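Me: I have a structure open and would like to go through some of its side chains. May I ask you a few short questions about it?

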Amino acid sequence: MLSVTSVVNLYVNDPNAKGAERTLFIRHLLRKIFLEDWAMKLTALVITFGLWFGVTGLSTPATKRFTSVPLNISGPDDAEITTPQSDIEIVVSGDKRKLDQINKPDLTANRDVTNMPAGDRVISLMPENVVVNLPDGVKLVEIFPIRIPVRMERIVEKEIEVHAKISAGPPAGFEVYGSTVVPQKMRVRGPASFINTLEFVETAEIDLSDRREGFTARQIPVTLANQKAAVQTTVVDVAFRIGERRVERRFTMPVALYPDLRATFVLYGPRSILLRARADQLTVEYGAAADGTGRVILPPEWYDQVEIRDLRIE
């Protein structure tokens, strides 16, 4: 039998070779290709087909729509950003198997507006400027809506007073003479439109319904109604002066060393003290005050409890 090499040489060197020899060559060549080592060639064909199917299967394009994806808008550290649009709808494209593996609760859209000036603005939402955490090979192709309103407001700080807030006053017959908050002032931080109108902050409510004398309320929380604003100090101490309910009593008496002059004034203090008060317990001096006017001298035990009001000397 002629070898493949001899048949090829015969065909090439003798253009007039007979048809039978050509036919023999073709048959031998086909046998060589399809019948010899067929098991190995079949295995290679199966592997090649599997690889082709796997590659083409992974690259099969598909799209998927996700609604109510949280939208996070980030900007400068010294700015507060608000928008009525809290979530968006997106369309992504990629391999179907990868799309099916996306867990919707893990999706978050991010739009950076760091370079946007403060004020009311309308910003665009496009695949080019919105970042979504997607698997490799999956891309963002559409966003709805494509524009949203945004307000950027600068964050400011301000030092303001702290006031004690009382939920219930002392029992009948008693009252609060005064209170002192420590610290008396604190710094607050938040959006300019809120902080600039803030005149003071208040403590949490303090109940005095069973208090008949002074005391100090410790570690009382301080909060702000605006959740976007914050206080520098979150707790304070409040010292209360509480005592018997006060009343007024008017006195008219001569001025010491000036018998022709008479002094009229009002004492304001605890009812039990003023009801027993007598004129001979008081002394009015003329020209003794720093401004050259008169003054009333009280018994030492009254100093922290009784006030002098509306002093007139005629």
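Me: Is Tyr286 buried, partly exposed or exposed?
Reply: This is a predicted model. In it, Tyr286 counts as partly exposed, because its relative accessibility is 41% and the partly exposed class lies between 20% and 50%.

Me: Which ring does Tyr286 pair with?
Reply: Tyr286 forms an aromatic pair with Tyr258. The pair is edge-to-face, with 5.5 Å centre to centre and 75° between the planes.

Me: Where do the two residues sit in the chain?
Reply: Tyr258 is in strand β16, whereas Tyr286 is in the loop between β17 (283-285) and β18 (295-297). They are 28 residues apart, and the pair links distant parts of the chain.

Me: And is Tyr258 buried, partly exposed or exposed?
Reply: Tyr258 has a relative accessibility of 39%, so it counts as partly exposed.

Me: What about Leu257, where is that?
Reply: Leu257 lies in the loop between β15 (246-255) and β16 (258-270). Its relative accessible area is 80%, so Leu257 is exposed. The C-alpha atoms of Leu257 and Tyr286 are separated by 8.3 Å, although the residues are 29 apart along the chain.

Me: How many aromatic pairs are there?
Reply: The structure holds three. One of them joins Phe251 and Phe265 in a stacked arrangement, 5.8 Å centre to centre and with 15° between the planes. Phe251 belongs to strand β15 and Phe265 to strand β16, 14 residues apart.

Me: Are those two buried or exposed?
Reply: Phe251 and Phe265 are both buried.

Me: New topic: which charged ends sit over rings?
Reply: The charged end of Arg211 sits over the ring of Phe215, 3.7 Å from its centre. That of Arg309 sits over the ring of Tyr268, at 3.8 Å from the centre.

Me: Now the interior. How many residues has the largest nonpolar core?
Reply: That core has 27 residues, and Ile90 and Val92 have the most contacts inside it. Elements giving two or more residues to it include β1 (61-74), β3 (87-95) and β8 (147-168). The largest share, five residues, comes from β1.

Me: What does Ile90 touch?
Reply: Leaving out residues up to four places away in sequence, Ile90 touches several residues, among them Phe66, Val69, Leu107, Val132, Leu140 and Ile143. Lys64, Arg65 and Glu142 are also among its contacts.

Me: What lies apart from this core?
Reply: Another core, of 22 residues, lies apart from it. Met186, Leu208, Ile220 and Val238 are among its members.

Note on methods. Residues numbered from 1 in each chain as written. Predicted model: local features only at pLDDT ≥ 70, side-chain atom pairs only at ≥ 80, totals over all residues. Heavy atoms only, no water. Helix = DSSP H or I, 4+ residues; strand = E, 2+ residues; numbered from the N terminus. Buried < 20%, exposed > 50% of the residue type's maximum accessible area, 1.4 Å probe, protein only. Core = buried A, V, L, I, M, F, W, Y, C linked by side-chain atoms within 4.5 Å. Contact = heavy atoms within 4.5 Å. Phe/Tyr/Trp six-rings, centres within 6.5 Å; stacked < 30°, edge-to-face > 60°. Lys NZ or Arg CZ within 6 Å of the ring centre and 35° of its normal.
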